[in-house]
Amino acid sequence: MRIPAAILTLITGMALVLLGLWIGQNINLLPVDASANAPVYDELFKVLFSIGTILFVGIVGLIVYSLVKFRRKPGESGDGEAVEGNLPLEILWTAIPAVVVLFVGIYSYDIYDRMGGMAPLNDHSMHAMGGEMEESRTWGGISPVSLESDAAAAPLPIDVTAMQFAFIFHYPDAEITSGELHVPMGQPVALHMKANDVIHAFWVPEFRLKQDVIPGQPTLLSFTATRPGRYPIVCAELCGPYHGGMRSTVIVDEPETFEAWVNQNSPIANAAPQTPVQS
Amino acid sequence: MTISLTPEQSTPLQPQGWLRYLSFSTDHKVIGLQYLVCGFIFYLIGGALAGAIRTELLTPISDFLPRETYNEVLTLHGTVMIFLWIVPVVNGAFGNYLIPFYVGARDMAFPRLNAVAFWLIPPAGLLLISSYFIASAPQSGWTAYPPLSITTPATGQIIWILSVLLLGGSSIFGGINFIATILKLRRPGLKLMQLPMYCWAMLGTSILVVLSTPVLAGTLVLLSFDIIAHTGFFNPSLGGNAVVYQHLFWFYSHPAVYIMVLPAFGLVSEILPIHCRKPLFGYTTMVYSIMGIVFLGLIVWAHHMFTSGTPPWMRLFFTIATSFIAVPTGIKFFNWLATMWGGRIALNSAMLFSCGFIINFVFGGITGVALAQVPFDIHVHDTYFVVAHFHYIVYGGTVFVIFASIYHWYPKVTGRLLNEDLGRLHFLLTFVGFNLCFAPQHWLGLNGMPRRVAEYDPQFELINQLSSVGALLMAISTLPFLLNVVLSAFNGAPAGDNPWDALTPEWLTSSPPPVENWKGEAPLVTEPYGYGTPAGELPLAATSGPELWKLGNSDQRS
Amino acid sequence: MTSLSSSESLSQQEATEAHEHHGDFRMFGLATFLVADGMTFAGFFAAYLTFRAVNPLPSGATYELELVLPTINTLLLLISSFTFHRAGAAMKRNQRALGQRWLLISAALGFAFLAGQMKEYFELPFGLTDNLFASTFYAITGFHGLHVTLGGLMILIVWWQCRDGGRVSQDNLFPLEAAELYWHFVDGIWVVLYGILYLL
Ligand code: HEA
Ligand code: HEA
Ligand code: CUA
Ligand SMILES: [Cu+2]
């Protein structure tokens with residue numbers, strides 16, 4: 001009688017793992033991916049979703065099973081067995097979560113590295129700005145996935161100013177100021193973000209990227225858009241009554257379309273004799 | 001300890017009857033119930049505020065409340081629920097009621113300090129709520145991040161700070177009292193490792209309270225300087241640093257989440273063995289994991305700040321430290337499962353809520369571990385995914401445990417049983433409503449709905465309405481509960497002194513317990529979880545009267 | 001801000017239960033409270049150190065402070081800890097008059113410290129809202145000064161209680177010991193504060 005029980009447990013366990021893997025791989029809860037690090041993110045999500053499903057279904061299964069199997073029958077009295085502990089078992093369920101957590105930690109570190117999150121941020125980005133900003137530091141953020149590998153495509157710098165309750169985008173090279181963010185597909189973009197009043201956060205769900213915009217501490221966010229379209233930019237940090245309305249749009253264009261947009265809007269490219277009006 | 005205080009002496013000092021619940025009573029049981037009832041009233045207020053939130057979110061436009069009011073409502077909701085409902089109830093209410101029993105004492109170590117701690121709460125709560133009527137309520141969320149909290153109307157924010165300071169003070173006094181009671185007031189002969197698990201949970205919690213709450217207090221004082229005196233600690237336009245506030249705030253507020261949940265863990269550890277008729281599995285590892293959670297809980301705060309421009313090494317450290325909390329927490333959960341395994345489970349309302357707790361908390365814990373991963377959090381930080389995560393834990397976890405505990409200890413407090421049918425109805429409505437309300441919010445967060453917004457992208461309308469229906473069910477579910485609690489106080493079936501045939505010390509006295517807890521001397525219970533041991537074999541140095549150890553005939557249990 | 005109400009309730013507590021034999025854990029409670037109080041300071045120090053590390057001061061402002069007066073002040077406090085200790089020792093031997101004298105000296109040293117602190121405040125070239133360092137400096141030293149003020153008052157109360165027939169006696173030393181513990185704590189905090197704010 002012992003062996004069937006063991007085999008049964010094994011089979012249940014395997015079924016559970018398969019179920020978790022299937023669910024993780026096949027149930028998609030995320031919006032479309034539109035930046036280079038979104039697929040990387042989705043990969044992590046699938047793994048976490050699988051592990052989570054296995055653990056959750058397993059534990060709920062155990063509870064429901066216990067409640068059914070060990071339920072006190074009507075008229076039954078007396079206690080269960082006086083088991084107070086079981087060292088090997090306890091070691092087992094200390095070790096398993098430890099291993100899982102360690103794996104998840106290392107894996108997400110790797111993911112983060114691939115997203116460029118571990119790159120030191122202070123150096124290259126600000127030098128590119130030519131010391132134009134007064135503050136000596138840049139804080140946090142995520143670096144472009146392809147910044148190092150794809151040296152040919154230099155990142156397109158864009159200054160972002162967040163204020164109650166709008167984002168303003170400024171293209172220093174083309175001297176365009178816009179309320180919407182236009183970016184070319186496939187080219188890294190480096191956002192240099194400043195806030196005027198309170199903390200805001202720049203979030204594009206389809207890019208899986210978010211960075212707080214903090215007054216007094218310019219932050220940097222880089223990404224490479226990969227899918228043309230219009231995506232919402234959402235302010236994700238409570239910033240006042242109109243926080244919910246603080247939205248904008250990022251428009252990912254084919255490089256040519258983007259070029260055209262720049263030429264159309266840039267006071268420099270127009271080469272018109274008037275002086276640029278934008279600050 | 002107050003052995004010399006005879007009832008004759010204490011009677012004239014304190015009002016008797018129900019009036020004593022409105023007085024400056026120093027009886028730990030009275031104080032415990034004061035905490036509970038006061039907390040529950042604030043729960044109803046906080047719930048009504050949640051109702052306002054969910055009503056506003058029925059439509060994608062901001063139509064039900066003015067925008068400022070929405071922010072006030074969500075700030076008050078968060079503050080009331082955390083500081084006036086969960087923290088006072090799982091710590092103050094159950095801690096005060098149970099801990100003296102568990103250590104074999106007649107009261108807490110500092111009864112007057114205890115009463116002071118309680119009586120700080122109602123004025124602080126009223127102050128907070130009144131801010132809405134005086135000027136305008138605070139609008140910057142329960143986190144009160146500057147510079148926003150410096151620029152929103154000052155009166156409301158200052159009142160919020162004052163109120164939280166009072167509540168923090170109350171919590172510190174409570175913590176000191178619990179530590180002294182557990183460590184110093186134990187009955188002679190009772191060793192630390194023989195204490196019921198809830199004592200350990202409260203010891204751990206109180207350590208967290210004592211170490212972290214003062215930091216919050218100091219921080220809020222600095223914040224109030226920024227608001228009143230125009231200093232620039234956290235105000236970048238005056239050369240200050242807004243992120244430092246976040247570090248200091250979360251140094252308290254992350255441990256605060258364990259202040260909200262460790263006592264709940266302790267309560268479940270008391271409830272499960274009794275209704276499963278089995279010893280608590282893995283007592284020693286439980287103790288170590290509590291202390292592990294306390295230690296880790298103090299060093300993970302920056303996981304709330306992954307998008308605040310923290311340097312990469314810091315994110316890495318906080319990711320790893322946070323993830324590792326799953327290990328000691330997991331030990332506790334597996335120990336509970338093992339406690340249930342092979343038991344004789346009585347599936348009453350207390351058990352239903354306990355099992356509901358385990359299920360919900362594991363869900364919330366798993367999303368928590370996901371949130372701990374920086375790259376994952378970068379996307380979902382400050383979205384409804386986080387809202388869903390913590391409601392799964394604070395509501396699905398702690399509030400479920402509070403209900404379980406009320407079903408479990410009601411007979412001790414009143415001498416009457418709660419109605420089981422109403423209890424089951426309550427559970428069903430709460431469980432379904434809760435999951436309907438908060439499960440869909442994970443999807444909302446993943447797909448682009450930020451938190452703390454009164455208006456949102458119309459594509460999320462349907463799911464939000466679903467969530468609101470869940471909230472409505474939760475509101476309805478309080479009705480059978482209230483009905484049950486009120487009616488059973490008068491008409492409930494008499495429970496006897498020990499309806500569950502439990503072994504923990506509070507059940508070894510009459511229900512309701514006498515003023516000084518035991519008529520005679522306190523019993524020495526060295527095996528609070530000795531279920532399954534043949535009758536008569538437990539070392540029970542019970543000395544307080546014949547009604548104590550009727551346990552020999554445990555076969556008469558219902 | 002929390003120390004006031006706590007010491008109050010502790011002493012009320014102690015008033016009703018003076019004749020019972022568990023005085024021990026009142027000291028324990030006080031010590032726990034001081035740990036909490038110490039954490040408030042720890043938070044302030046952490047904030048100060050972080051500000052210092054990451055936030056540049058406006059040009060002209062500096063972290064340097066005049067050292068002479070604060071150093072004298074530090075010595076005053078350290079000596080007062082010692083004199084307080086002598087007071088306690090005297091009271092244990094039931095030498096009330098001597099104990100009272102040492103207590104007065106301790107209190108005088110405490111108030112001298114406060115006077116010195118006041119003098120420093122008035123002579124400093126910056127005000128509360130001038131810059132981040134100024135604000136932090138005043139917040140921390142002010143909070144500590146509040147503790148010293150309270151401690152000084154406590155010493156005076158204990159001094160009164162040490163008179164012949166007063167509450168403090170050989171078998172009820174709690175008020176004295178509590179005040180002493182508190183005073184040592186306040187001194188200890190000052191030493192750390194001095195190290196961090198003045199010397200660093
Ligand atoms: C009682 C309250 C409570 C508790 C106990 C927890 C527990 C945890 N929380 Fe949660 N949390 C909150 C309340 C709570 N949280 C609140 C209120 C917020 C939002 C604050 C705000 O911004 O307003 C928040 C936010 C929050 C964040 C920030 C999200 C963001 O803003 O971007 C993070 C990130 O790391 C996090 C993580 C965790 C983790 C890892 C745990 C862990 O302790 C969970 C551990 C438990 C388990 C994992 C389940 C049991 C374990 C097993 C069955 C073993 C096997 C499991 C594995 C191997 C994974 N929480
Ligand atoms: C700690 C405990 C706790 C508890 C128990 C709850 C309970 C609930 N919460 Fe809360 N919540 C928080 C803590 C808690 N919350 C925190 C900390 C925040 C963050 C705030 C911030 O961002 O700053 C938050 C934010 C928050 C939001 C996000 C708001 C936003 O970001 O815009 C939402 C939205 O759905 C929500 C909903 C609910 C609901 C539906 C309940 C329900 O479970 C409530 C059920 C209870 C009832 C419905 C009571 C029933 C009684 C009545 C209705 C009777 C009527 C009363 C009178 C006549 C007085 N909560
Ligand atoms: Cu800007 Cu929210
Ligand atoms: Cu946390």
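A donor, in what follows, is an N, O or S atom within 2.8 Å of the metal. With that in hand, let us walk through this predicted model, beginning at its copper ion.

The copper ion (ligand 4) takes three donors from the protein: B:H254 through ND1, and B:H303 and B:H304 each through NE2, at 1.8 to 2.1 Å. Read along the chain, these donors follow the spacing H-x48-H-H. B:H254 sits in helix α8 of chain B, while B:H304 belongs to the loop between α9 (283-297) and α10 (312-324) of chain B, so the pair ties together parts that are 50 residues apart in sequence. Is B:H254 buried or exposed? Its relative accessible area is 3%, and because buried means under 20%, B:H254 counts as buried.

From the copper ion, a step of 4.5 Å takes us to the iron atom of ligand 1. Here the protein supplies a single donor, NE2 of B:H389, at 2.2 Å. B:H389 is part of helix α14 (residues 384-414) of chain B, a helix worth remembering for a later stop.

Now look at the surroundings of this ligand. Ligand 1 lies between chains A and B, and 33 residues surround it, the closest being B:W142, B:Y258, B:D377, B:H381 and B:H389. B:D377 has a side-chain N or O atom 2.4 Å from an oxygen atom of ligand 1. Another oxygen contact involves B:R451, which places a polar side-chain atom 2.8 Å from an oxygen atom of the ligand. B:H389, already met as the iron donor, also has a side-chain N or O atom 2.9 Å from a nitrogen atom of ligand 1. Which elements give two or more residues to this shell? Chain A offers α2 (38-69) and α3 (87-115), and chain B offers α8 (242-276), α11 (326-340), α12 (349-372) and α14. The largest share, 6 residues, comes from α12(B). By character, the shell divides into 22 nonpolar, 9 polar and 2 charged residues.

Helix α8 of chain B therefore appears twice on our tour: it holds the copper donor B:H254, and it is among the elements that contribute to the shell around ligand 1.

Next comes the iron atom of ligand 2. Its protein donors are NE2 of B:H77 and NE2 of B:H391, lying 2.0 Å from the iron. The two histidines link distant parts of the chain, with B:H77 in helix α3 (residues 67-103) of chain B and B:H391 in helix α14 of chain B, 314 residues apart. The site has 6 donor atoms with angles of 86 to 178° among them, and its geometry is octahedral. Both histidines are tucked away from the surface by the same cut-off as before: B:H77 is buried at a relative accessible area of 12%, and B:H391 is buried at 14%. This is where helix α14 of chain B returns, as it carries B:H391 as well as B:H389, the donor to the iron atom of ligand 1.

Our last stop is in chain C, at helix α5 (residues 132-161). How does its length compare with expectation? At 1.5 Å a residue, its 30 residues should span 44 Å, and the end C-alpha atoms are 43 Å apart, which agrees. The helix is mostly covered, with 22 of its 30 residues buried. At its start, a side-chain oxygen of C:N131 reaches to within 2.9 Å of the backbone nitrogen of C:F133.

Conventions: Residues numbered from 1 in each chain as written. Chains lettered and ligands numbered in written order. Predicted model: local features only at pLDDT ≥ 70, side-chain atom pairs only at ≥ 80, totals over all residues. Heavy atoms only, no water. Donors = N, O, S within 2.8 Å, 3.2 Å for Na, K, Ca; no water. Helix = DSSP H or I, 4+ residues; strand = E, 2+ residues; numbered from the N terminus. Near = heavy atom within 4 Å. Polar contact = N/O pair within 3.5 Å; in protein donor to acceptor, adjacent residues only side chain to side chain. Nonpolar A, V, L, I, M, F, W, Y, C, P; charged D, E, K, R; others polar. Tetrahedral: all angles 85-135°; square planar, octahedral: opposite > 155°, others 65-115°. Buried < 20%, exposed > 50% of the residue type's maximum accessible area, 1.4 Å probe, protein only. Expected span 1.5 Å × (residues − 1).
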